[in-house]
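Grab your viewer and work through these exercises one at a time. Try each task before you read its solution.

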Amino acid sequence: MMIVLTASAKGDEAAAVFNAAFGNMIGIFLTPVLILGYLGVDGSVNIGTVFLKLSLRVVLPILIGQLLQKFSKRAVALKKKYKKRFKQFQEYCLTYIVYTVFCKTFKKGSDSSAADAFLMIALQGLLLLSFKAISWTCLKIFFPNKPKLRVAGLFGSTHKSVAMGIPLINAIYESNPNIGLYTLPLLVWHPMQLVIGSFLAPRLAAFVDAEEKRIGDKKEQVDSLNKEEEKRIGDKKDQVDSLNKEESFGNEENFINK
């Protein structure tokens, strides 16, 4: 989704693709470490078991897919032929995982109320907007003349993927009866970033066009000033050379007269 939003906002698609791939891979290993840091050694999360589950459920399928894509032409052709069906199957699998997660939570029961859910949604919206504002400000400071990169960074800095987040949460809190409640913020964040991103995309596209025009005009102005300066220096040099020639010619005449 981040890549689609970046492309629709005329951002840097290459940076978006790299961010999505790198972020997903590093998140597999960074998330359990962060959980350990937050919970401490007394937490109920077994980091070794989590890494094993993530390796089998996430890393291993990715490696197999990359190997098939590189070495198996039949697999690549099959994927291209049934791309839409594979996409639908992926969505069905993800929906089923989410369904089973919430079934487990509702079966065990929960002390959370509807008011807690609405409060969480409001806080999610506030956090998302705040992070976007902070990211946009920092990107403006570090990349003032790269509007496309700023747009990609805006979407990438707050991007959360359900396809990667659900397996992570499921691997970390698989035996926890409140796993549905832990999953809910991600399920709220994902469509929220889609709605806000869709609202911002045309405005960011206009911003990119305006900034590129401004940068282009500024560059043309600088080039024009440089050319004028070069011409002025050249004219001055020609004038100096002419004076030197006249002086040299006058000296020769004086020498001959003497």
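Keep in mind throughout that this is a predicted model.

**Exercise 1. Get the overall fold.** Work out which pattern the protein chain follows along the sequence.

*Solution.* Reading along the sequence, you get α-α-α-α-α-α-α-α-α. In terms of secondary structure, that comes to nine helices and zero strands. Next, look at burial: of the 258 residues in the protein chain, 24% are buried. Finally, check the contact range. Take the contacts between residues at least 6 apart in sequence; 74% of them join residues at least 24 apart.

**Exercise 2. Take apart the largest nonpolar core.** Find how many residues the largest nonpolar core has, and which of them have the most contacts inside it.

*Solution.* Start with the count: the core has 19 residues, and I28, L54 and Y173 have the most contacts inside it. Then ask where the residues come from. At least two each are supplied by α2 (13-39), α3 (47-71), α5 (83-108), α8 (162-172) and α9 (179-257). The top contributor is α8, which gives seven residues.

Now zoom in on I28. Leave out residues up to four places away in sequence, and I28 touches F51, L54, V58, V59, M164 and L168. Apart from this core lies another one, of 12 residues, including L5, A16, V151 and V208.

**Exercise 3. Classify the aromatic pairs.** Find how many aromatic pairs the structure holds, then sort them by geometry.

*Solution.* There are two aromatic pairs. Take F18 and F22 to begin with. Their ring centres are 5.5 Å apart and their planes make an angle of 5°; planes under 30 degrees apart count as stacked, so this pair is stacked. Both residues sit in helix α2, four residues apart, which is about one turn of the helix. As for accessibility, F18 has a relative accessible area of 55%, so F18 is exposed. F22 comes in at 46%, so F22 counts as partly exposed.

On to W136 and F207. Here the ring centres are 5.2 Å apart and the planes are at 65°, so you call the pair edge-to-face. This pair links distant parts of the chain, with W136 in helix α6 (residues 114-142), F207 in helix α9, and the two positions 71 residues apart. W136 has 22% relative accessibility and therefore counts as partly exposed.

**Exercise 4. Look for charges over rings.** Which residue lies over the face of W136, and at what distance from the ring centre?

*Solution.* The residue is R150, at 4.7 Å from the ring centre. So W136 turns up twice in this set, since its ring also pairs edge-to-face with F207. For another charge over a ring, go to K70: its charged end sits over the ring of F71, 6.0 Å from the centre.

**Exercise 5. Compare the enclosed and open space.** Find the volume of the largest cavity and the space in the largest pocket, then list what lines each.

*Solution.* Begin with the enclosed space. The count comes to one cavity of 30 Å³ or more, and the largest cavity has a volume of about 40 Å³. Its lining consists of M1, M2, L5, K132, F155, T158, H159 and Q193. You've already met L5, as a member of the 12-residue core.

Then turn to the open space. The largest pocket holds about 2,200 Å³. It is lined by 40 residues, and those closest to its centre are I62, F86, K87, Q90 and A163. Elements giving two or more residues to that lining are α1 (2-8), α2, α3, α4 (73-81), α5, α8 and α9. Of these, α5 gives the most, with 10 residues.

**Exercise 6. Check two long-range pairs.** Start with L127 and W189: how far apart are their C-alpha atoms?

*Solution.* Their C-alpha atoms are separated by 9.7 Å, with the residues 62 apart along the chain. L127 is found in helix α6, and its relative accessibility is 40%, so L127 counts as partly exposed.

For the second pair, take K146 and V208. These residues are 62 apart in sequence, and their C-alpha atoms lie 8.9 Å apart in space. K146 belongs to the loop between α6 and α7 (147-157). At 47% relative accessibility, K146 counts as partly exposed. V208, for its part, is among the residues of the 12-residue core.

How values were computed
Residues numbered from 1 in each chain as written. Predicted model: local features only at pLDDT ≥ 70, side-chain atom pairs only at ≥ 80, totals over all residues. Heavy atoms only, no water. Core = buried A, V, L, I, M, F, W, Y, C linked by side-chain atoms within 4.5 Å. Buried < 20%, exposed > 50% of the residue type's maximum accessible area, 1.4 Å probe, protein only. Contact = heavy atoms within 4.5 Å. Phe/Tyr/Trp six-rings, centres within 6.5 Å; stacked < 30°, edge-to-face > 60°. Lys NZ or Arg CZ within 6 Å of the ring centre and 35° of its normal. 1 Å grid on protein atoms, 1.4 Å probe; cavity = no way out; pocket = protein on both sides within 12 Å on 5 of 7 lines; lining within 4 Å. Points joined across faces, edges and corners; volume = space filled by probe spheres on them.
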